[in-house]
Amino acid sequence: MEAFLSAAQKEHSAEENQLNAAQKRFQDVVNYFGIQPKPGEKEVTPNYIFMLWYEFCNDFKNSWIRQSKTISKERLKEAQENIKKITAEKRVETKKINANSLKERLRQKEANVSSS
């Protein structure tokens, strides 16, 4: 039983040390960011900090999604404009050939000679 108690006391003191270190780190974070306690409260609680962090992350995510959609739309418009420019430059106008013109009669004559 004594061995169990001494082992439990060692574990308890180790856990207590870790708790104190975590509380000190938490206080350092609060001081670093300059977070003030809510009105009517003496100390800043972890729930308060995590609530602030959650709201920040949620707002950031929503803003990121809106910005991504805006950027995607702009890129799509740019791509469509580039495609229009490229196709406009390569567009070739063709004119209908007069069936009685000299060129057309020579083409038909060559076609008849080649096929024979």
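Here's a quick briefing on the helices, charged pairs and aromatic rings of this structure. Keep in mind that the model is predicted. Three helices will come up: α1 covers residues 2-33, α2 covers residues 46-90 and α3 covers residues 102-115. Along the way we'll meet two salt bridges and four aromatic pairs.

**Helix α1 and what follows**

- Let's start with a length check: at 1.5 Å a residue, the 32 residues of α1 should span 46 Å, and the end C-alpha atoms are indeed 46 Å apart, so the two values agree.
- V30 sits in helix α1, and with 4% relative accessibility it counts as buried, because the cut-off for that is under 20%.
- Pick V30 and N82 and you get a neat coincidence of numbers: they're 52 residues apart in sequence and 52 Å apart in space, going from C-alpha to C-alpha.
- Just after α1 comes G34, which takes a positive phi of about 65°.

**Helix α3**

- The same kind of check works for α3: its 14 residues should span 20 Å at 1.5 Å a residue, and its end C-alpha atoms are 20 Å apart, which agrees.
- Is α3 largely buried or in the open? Of its 14 residues the number buried is one, so α3 lies largely in the open.

**Salt bridges**

- Some background first: side chains of opposite charge can pair when their charged atoms come close.
- In α1, the side chains of K24 and D28 form a salt bridge, at 3.3 Å from N to O.
- K24 and D28 are four residues apart in that helix, which is about one turn.
- Why does that spacing help? An α-helix has 3.6 residues a turn, so residues three or four places apart point the same way.
- K24 counts as exposed, because its relative accessibility is 53% and the cut-off is over 50%.
- D28 has 38% relative accessibility, so it counts as partly exposed.
- The other bridge joins the side chains of R107 and E104, at 3.6 Å from N to O.
- R107 and E104 are three residues apart in helix α3, so about one helical turn separates them.
- R107 is partly exposed, because its relative accessible area is 46%.
- E104, on the other hand, counts as buried, because its relative accessibility is 18%.

**Aromatic rings and the nonpolar patch**

- Searching the whole structure turns up four aromatic pairs.
- One of them is Y32 with F33, an edge-to-face pair with 5.0 Å from centre to centre and 85° between the planes.
- Y32 and F33 are both exposed.
- Which residues do ring pairs link into a cluster? They're W53, F56, F60 and W64.
- A nonpolar surface patch of about 740 Å² is made by F50, W53, F56, F60, W64 and I65, so have a look at F56, which appears both in this patch and in the ring cluster.
- F56 lies in helix α2, and its 46% relative accessibility makes it partly exposed.

**What the record says**

- An unreviewed UniProt entry carries the annotation "domain: FH2" for residues 1-86.
- In the model, residues 1-86 are 85% helix and 0% strand, and the end C-alpha atoms of this span lie 87 Å apart.

How values were computed: Residues numbered from 1 in each chain as written. Predicted model: local features only at pLDDT ≥ 70, side-chain atom pairs only at ≥ 80, totals over all residues. Heavy atoms only, no water. Helix = DSSP H or I, 4+ residues; strand = E, 2+ residues; numbered from the N terminus. Expected span 1.5 Å × (residues − 1). Buried < 20%, exposed > 50% of the residue type's maximum accessible area, 1.4 Å probe, protein only. Patch = residues over 30% accessible without salt bridge, like charges linked within 9 Å, V, L, I, M, F, W, Y side chains within 5 Å. Areas by Shrake-Rupley, 256 points an atom, 1.4 Å probe, with all protein chains shown as cover. Salt bridge = Lys/Arg side-chain N within 4 Å of Asp/Glu carboxyl O. Phe/Tyr/Trp six-rings, centres within 6.5 Å; stacked < 30°, edge-to-face > 60°. UniProt positions renumbered as here; feature names shortened; annotations may be inferred.
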